[in-house]
Amino acid sequence: MSHNAKIKVGLVGTGWIIRGLVKLLQKNTDMTVSGILTRREGVIEGLEIAKDFVFQTPEKLFLRSDVIVVSTGDPIYSTAVIMEAFKYNLPVVTMDADTMVTTGTFLAKHGLITEANGDQPGCLATLRNEILEMGFTPLVYGNIKGFLNKKPMFDDMSYWALKQGFSLSSVTSFTDGTKVQIEQALVANAFGAGIAQQGLVGIQTEDFEHSGFQLAEIAEETGIPISDYILSKTAPPGIFIVSTHREEMRNELRTYKMGDGPYYHHYKPTHLCFFEIAGTVKKLMQRQEVLIDNGKNPTISVAAVAKRSLEKGDFILNGIGSFDTRGEAVRIADELDHVPIGLLKNVILKENVEEGQIICFSDIDIPPSIALSAWFDTLKEQRENMKINLSVGEFNNQP
């Protein structure tokens with residue numbers, strides 16, 4: 001690529017994020033859309049690009065691109081496409097926390113990949129970099145959620161999907177909490193944090209600063225930073241970090257209106273999704289900068305939990321955004337047989353599953369996929385790390 005040439009950006013997906021990015025890049029002086037890969041056929045409403053730039057075959061897109069941006073919400077499909085992109089030595093930017101938390105650790109071993117700024121995990125990564133440079137120590141990585149209904153109704157979700165221009169599955173996953181669980185699991189893995197409990201704490205509050213301090217107290221009791229969220233109708237729709245600083249800096253921080261300590265609240269009131277992807281693409285291409293990924297040794301996953309009683313023989317088309325299941329963050333070590341909700345696609349139940357129960361691999365027949373193999377590769381390494389940690393612990397406890 002010539003030093004002065006525009007970066008040729010290939011896009012995967014045709015949802016809200018990609019449609020917005022197409023419009024944004026049309027006036028960008030540094031980048032241009034090289035094409036879009038989609039599984040859809042026919043005219044795609046709201047996709048403002050000539051049909052000659054829309055492809056059903058990955059190779060046609062990859063041969064004309066310098067970098068790939070993926071946003072599909074389908075970890076099984078995205079994983080396969082990303083692995084194919086790596087064969088063409090293409091770096092990949094995702095706004096697809098669903099994929100990153102499911103197979104991101106595996107993908108990072110095979111190519112250059114980063115989650116983008118703009119969605120909550122990327123915004124938290126950017127804010128984290130900023131406060132680390134100022135000497136703060138993060139205790140809580142927080143997401144701000146305005147509404148939660150773990151069992152939304154089909155008619156309500158259809159109404160909001162049409163009103164907001166999102167897919168039905170996206171709106172459902174936002175509403176039932178699956179999306180925030182996925183995002184915060186990714187954040188935990190990226191920064192070596194933990195979770196306070198299965199499904200996160202999710203303090204309901206109208207005082208988002210004080211609730212952040214409550215989470216900080218929980219983190220200190222836990223002994224490690226935690227990733228979590230608050231539920232507030234009045235807080236800004238962004239992200240926050242609660243941190244500490246050195247005791248001797250309290251007076252200076254008080255002078256700059258940061259409060260009396262020991263906890264300090266940092267927040268970004270917005271997350272602008274596709275508007276912020278371009279900056280991540282540029283940094284990846286210019287400096288190979290990885291903003292956030294799932295880490296080399298993830299400890300947190302998002303398990304599929306039944307929204308209703310499911311029976312042997314039931315078919316589940318899709319886990320994320322369905323009316324059968326929702327996602328809950330879990331410690332992998334506590335639930336080694338759980339099915340990550342990103343893998344729950346086109347499966348048949350072999351056993352009855354009660355409402356609220358975690359679905360396990362022993363409960364289902366699941367089709368083979370690259371994503372499934374990737375998960376078991378990551379799980380195998382996690383099991384080996386657990387054995388190493390256990391051995392060290394046993395050694396340290398020897399008299």
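**Figure 1. Helix 6 crosses helix 7 in a right-handed manner.** This is a close-up from a predicted model. Helix 6 covers residues 154-164, and helix 7 covers residues 168-175. Their axes come within 8 Å. The crossing angle is roughly 115°. Angles of 65 to 115 degrees count as roughly perpendicular, and helix 6 and helix 7 are therefore placed in that class. On the helix 6 side, the contact is formed by Phe 154, Met 157, Ser 158, Trp 160, Ala 161 and Gln 164. Helix 7 contributes Leu 168, Val 171, Thr 172 and Thr 175. By residue class, this contact of helix 6 with helix 7 has six nonpolar and four polar members, and no charged ones.

**Figure 2. Helix 7 and its buried residues.** Val 171, Thr 172, Ser 173 and Thr 175 are buried in helix 7. What do the buried residues of helix 7 pack against? Their partners are strand 7 (137-145), helix 6 and helix 8. Val 171, Thr 172 and Thr 175 also belong to the contact with helix 6. Gly 177 follows just after helix 7. The phi of Gly 177 is positive, about 90°.

**Figure 3. Helix 4 against helix 8, a left-handed crossing.** Helix 8 spans residues 178-191. The axes of helix 4 and helix 8 come within 9 Å. They cross at roughly 45°. That angle makes helix 4 oblique to helix 8. Ala 97, Asp 98, Met 100 and Val 101 form the helix 4 side of the contact. Ile 182, Glu 183, Ala 185, Leu 186 and Asn 189 form the helix 8 side. Six of the residues in this contact of helix 4 with helix 8 are nonpolar, one is polar and two are charged.

**Figure 4. Helix 3 packs on helix 4 with a right-handed crossing.** Helix 3 runs over residues 75-87 and helix 4 over residues 97-108. The angle between them is about 35°. Their axes lie 9 Å apart. From helix 3, the contact takes in Pro 75, Ser 78, Thr 79, Ile 82, Met 83 and Phe 86. From helix 4, Asp 98, Thr 99, Thr 102, Thr 103, Phe 106 and Leu 107 take part. The contact of helix 3 with helix 4 counts six nonpolar residues, five polar and one charged. Asp 98 of helix 4 appears here and also in the contact with helix 8.

**Figure 5. The surroundings of Gln 382 in helix 12.** Helix 12 covers residues 370-396. Is Gln 382 buried or exposed? Gln 382 is buried, with a relative accessible area of 6%. Which residues does Gln 382 contact, leaving aside its neighbours within four places in sequence? They are Asn 297, Pro 298, Thr 299 and Ile 332. Gln 181 lies 201 residues from Gln 382 along the chain. The C-alpha atoms of Gln 382 and Gln 181 are separated by 20 Å.

**Figure 6. A cis peptide bond between Gly 261 and Pro 262.** Omega for this bond is about 5°. Pro 262 sits in the loop between helix 10 (250-255) and strand 11 (264-268).

**Figure 7. Positive phi at Gln 288 and Asn 346.** Gln 288 is a residue other than glycine, with phi near 50°. Its place is the loop between helix 11 (277-287) and strand 12 (300-306). Gln 288 is exposed, at a relative accessible area of 58%. Asn 346 is not a glycine either, and its phi is about 55°. Asn 346 belongs to strand 15 (residues 345-349). With 33% relative accessibility, Asn 346 counts as partly exposed.

**Figure 8. The whole chain, for context, has twelve helices and 16 strands.** The C-alpha trace spans about 65 × 55 × 50 Å along its principal axes. For 399 residues, a compact globule would have a radius of gyration near 21 Å, and the chain agrees, with 21 Å. Of these 399 residues, 51% count as buried. Among contacts with a separation of 6 or more, 71% join residues 24 or more positions apart.

Methods: Residues numbered from 1 in each chain as written. Predicted model: local features only at pLDDT ≥ 70, side-chain atom pairs only at ≥ 80, totals over all residues. Heavy atoms only, no water. Axes fitted to C-alpha atoms, helices over the stretch in contact; angles between N-to-C directions. Helix = DSSP H or I, 4+ residues; strand = E, 2+ residues; numbered from the N terminus. Parallel < 35°, antiparallel > 145°, perpendicular 65-115°, else oblique. Left-handed = near helix turned anticlockwise from the far one by under 90°. Contact = heavy atoms within 4.5 Å. Nonpolar A, V, L, I, M, F, W, Y, C, P; charged D, E, K, R; others polar. Rg over C-alpha atoms; globule rule 2.2 N^0.38 Å. Buried < 20%, exposed > 50% of the residue type's maximum accessible area, 1.4 Å probe, protein only.
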